[in-house]
Amino acid sequence: MTVPTRAVLDDEHAIVRGLWRGVDVLRWLALAYAVWSVWERHEQVAHPVRAVAVLAVLGAWTVAQAVRPMRTVRAYAVELALGCGAILATRLVDDAAVITAGAKTIPTIWPAAAIVGFAVLRGWRGGLAAGALVGAASFVEVVEPTANTVTNTIFGLLLGGCVGYCVDLARASHAALAEAMRLDAARAERDRLARTVHDGVLQTLSFINRRGLDIGGETARLGAMAAEQERILRTLVSQADLTEVDHAVSGETDLRALLRHVEGAGVQLVAPAEPVLLPRRVADELVAAVEAALDNVRRHAGEGARAWVLLDDADDEVAVTIRDSGRGVPAGRLEEAVGQGRLGVSSSIRGRLADLGGSASITSGAAGGTTVELKVPAGPAAGAARERSSHDHGSEAVWRPGRRRAP
């Protein structure tokens, strides 16, 4: 079987295009049959001039559709109206006795082109509706239905319904094939990128992780961060299941592991023995707020100041407390910083926690030292916080180490 190209898929399905050509041919054949029918029984026609006029109108529309085909509902509504009108005009051409005796209508099967056209445009529902209108016109024209009237009406309904159903199936299969081709192309592109990433980025991150663990110290924490990013990136390029990808990027993560890199010279991390799980986006924003607080300690607490990061997991909230032994924050200094456009505390810390549905408090003791207490909801409330954070921050789904704002 020949695989359709993208150019074919961008156009109407081949079956649909073939049906349109069939409608054009049917219209001409039906017109020729209508002319022959009138000529064959011209002795029974009471008003030949009127019959010729009706056929001329049908012929003019047939020529117009051949010269410039119109595949719209409006155009086929006009054609359907012409077909039904021609059926009803038979009463102006033939005597009542001839009609009752079962004589053919003036257009004969010409309205069938409009029925098929509606079936192609609107599926089986459109085909049945058009067939019902033509059948109704036939019953009105004959007044006393004959066996031919009933047979022709059933034929019109079957024609419209069956063709429309086939068109619906063709379009559905066309859409399914296009989607399958899109997924195949996306999968092939992902495989190509996966090879590139595996040969370059993943191996580099893995090397950084191994060397960091061997060297120790600050480099070990850098290696741990590289290992975390390697895990996420490996999931992105290797998982076909979008659920797994979403879990890797935005699922729950252990806040202790994300905070481990802040521990170092002058900073001590105190965390529970059990994992502290939070939605990935919430955890990323909380870590960024802790980084901003520690950055302020390094900048403003003074030489030799130490800091402690205390992580506490309660039933309904997670709290991170940053305490330092520095000189403290003078009264009114935070408000003055906001007025000067220095938004480290108000934006990087308080703003982030507000977006997460949490809170941030900053206090200084009389003898010096500053305490920053960050609280975010845990459990079901954390899911709502994640949705708010996702809406506010767009596609910034993965935390990037080192991202800080000026204090």
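**Entry 1: helix packing**

I began with two helices and found that H4 and helix H6 (residues 112-142) pack at an angle of about 20°, their axes lying 9 Å apart. I noted that the model is a predicted one. Angles under 35 degrees count as roughly parallel, and H4 and H6 are therefore entered as roughly parallel to each other. I recorded the crossing of H4 and H6 as right-handed.

I then turned to the pairing of H4 with helix H3 (residues 48-67), where the axes come within 10 Å and cross at roughly 165°. That angle makes H3 roughly antiparallel to H4. I looked up the hand of this crossing as well: H3 passes H4 in a left-handed crossing. On the H3 side I listed the residues making the contact as Arg-50, Ala-51, Val-54, Val-57, Leu-58, Trp-61 and Gln-65. From H4 the contact draws on several residues, including Tyr-76, Glu-79, Leu-82 and Val-93.

**Entry 2: a residue of H6**

I picked out Ala-129, which is found in helix H6. I entered Ala-129 as partly exposed because its relative accessible area is 42%. I also checked its distance to Ala-119: the two are 10 residues apart in sequence, and their C-alpha atoms are 8.9 Å apart in space.

**Entry 3: aromatic pairs**

How many aromatic pairs does the structure hold? I found two. One of them joins Trp-20 and Tyr-76 in a tilted arrangement, with 5.5 Å from centre to centre and 40° between the planes. This pair links distant parts of the chain, since Trp-20 sits in helix H2 (residues 14-40) and Tyr-76 in helix H4 (residues 73-93), 56 residues apart. I noted both Trp-20 and Tyr-76 as buried.

For Tyr-33 and Trp-36, I recorded ring centres 6.1 Å apart and planes at 25°, so this pair is stacked. Both residues lie in helix H2, three residues apart, which is about one turn of the helix. Tyr-33 counts as partly exposed because its relative accessibility is 32%. Trp-36, at 48% relative accessibility, counts as partly exposed too.

**Entry 4: nonpolar cores**

I next examined the largest nonpolar core, which has 34 residues. Which of its members touch the most others? I listed Leu-255, Val-309, Val-320, Ile-322 and Leu-374. Several elements each supply at least two residues of this core, among them helix H10 (255-259), strand E4 (307-313), strand E5 (317-324) and strand E7 (370-377). The largest share, 10 residues, comes from H11. I also noted a second, separate core of 20 residues, which includes Val-16, Leu-80, Ala-113 and Ile-115.

I followed Val-320 in more detail. Not counting residues up to four places away in sequence, Val-320 touches Leu-255, Leu-286, Val-290, Val-309, Leu-310, Leu-311, Val-372, Glu-373 and Leu-374. As general background, I noted that nonpolar side chains tend to be buried together in soluble globular proteins.

**Entry 5: Thr-253**

Last, I looked up Thr-253, which lies in strand E1 (residues 252-254). Is Thr-253 buried or exposed? I entered Thr-253 as buried because its relative accessible area is 10%, and buried means under 20%. Leaving aside neighbours within four places in sequence, I found Thr-253 in contact with Glu-228, Leu-258, Val-276, Leu-277, Leu-278, Arg-280 and Ala-283.

Note on methods:
Residues numbered from 1 in each chain as written. Predicted model: local features only at pLDDT ≥ 70, side-chain atom pairs only at ≥ 80, totals over all residues. Heavy atoms only, no water. Core = buried A, V, L, I, M, F, W, Y, C linked by side-chain atoms within 4.5 Å. Buried < 20%, exposed > 50% of the residue type's maximum accessible area, 1.4 Å probe, protein only. Helix = DSSP H or I, 4+ residues; strand = E, 2+ residues; numbered from the N terminus. Contact = heavy atoms within 4.5 Å. Phe/Tyr/Trp six-rings, centres within 6.5 Å; stacked < 30°, edge-to-face > 60°. Axes fitted to C-alpha atoms, helices over the stretch in contact; angles between N-to-C directions. Parallel < 35°, antiparallel > 145°, perpendicular 65-115°, else oblique. Left-handed = near helix turned anticlockwise from the far one by under 90°.
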